[in-house]
Amino acid sequence: MLEQATAELIGAELHRAVLAERTGLHLDAWATELIGRSVDWMTDAAGQGDDAWRGPWWLLHGLAAIGSYGLGAFALEQASQAASSLPRDVLAAEPAWLKLLPDIKATGDVR
């Protein structure tokens with residue numbers, strides 16, 4: 001479910017970026033910037049005392065789950081570093097499966 005939501009969200013944003021870009025779009029730079037901005041958004045929101053940090057936190061985990069080997073690893077690394085800005089009790093309350101998403105592998109089975 002998180003993977004689907006992430007794909008739909010970044011797909012819409014990527015579509016806008018492709019349409020708006022007139023001089024060439026570097027997808028790796030675009031994705032790296034998306035991750036960086038998500039980290040910034042999350043850390044800024046973490047100090048506000050509400051749940052506004054949760055959206056970018058889950059987006060980072062979604063990107064870690066669906067991203068290519070390099071992009072997914074980078075998203076997970078950035079999420080792990082940014083986790084220090086979140087209260088420990090909040091992190092402990094996150095679902096256990098969230099940490100497992102980057103290990104998801106396609107089975108190749110047709111359903």
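The accessible surface of the chain comes to about 7,400 Å², and 58% of that area belongs to carbon and sulfur atoms. This value, like those that follow, was computed from a predicted model. Beneath that surface, 29% of the 111 residues of the chain count as buried, where buried stands for a relative accessible area under 20%.

As for the fold, the chain is built with five helices and zero strands, so that a reader who starts at the N terminus meets the elements in the order α-α-α-α-α. Taken along the principal axes, the C-alpha atoms of the chain fill a box of roughly 45 × 40 × 20 Å. Among the contacts between residues at least 6 apart in sequence, 67% join residues that are at least 24 apart.

The interior can be followed through the largest nonpolar core, which holds 19 residues, and within this core Met42, Trp53, Trp57, Leu63 and Leu86 touch the most other members. Two or more residues of this core come from each of helix 1 (2-20), helix 2 (27-46), helix 3 (54-66) and helix 4 (69-82). Leu86, one of the core residues just named, touches Met42, Ala46, Trp53, Trp57 and Leu91 when residues up to four places away in sequence are left out of the count.

Charge offers another view of the chain, which carries 8 positive and 15 negative side chains. The centres of these two sets lie 3 Å apart.

Methods:
Residues numbered from 1 in each chain as written. Predicted model: local features only at pLDDT ≥ 70, side-chain atom pairs only at ≥ 80, totals over all residues. Heavy atoms only, no water. Helix = DSSP H or I, 4+ residues; strand = E, 2+ residues; numbered from the N terminus. Buried < 20%, exposed > 50% of the residue type's maximum accessible area, 1.4 Å probe, protein only. Contact = heavy atoms within 4.5 Å. Areas by Shrake-Rupley, 256 points an atom, 1.4 Å probe, with all protein chains shown as cover. Lys, Arg positive; Asp, Glu negative; His and termini not counted. Charge placed at Lys NZ, Arg CZ, Asp CG, Glu CD. Core = buried A, V, L, I, M, F, W, Y, C linked by side-chain atoms within 4.5 Å.
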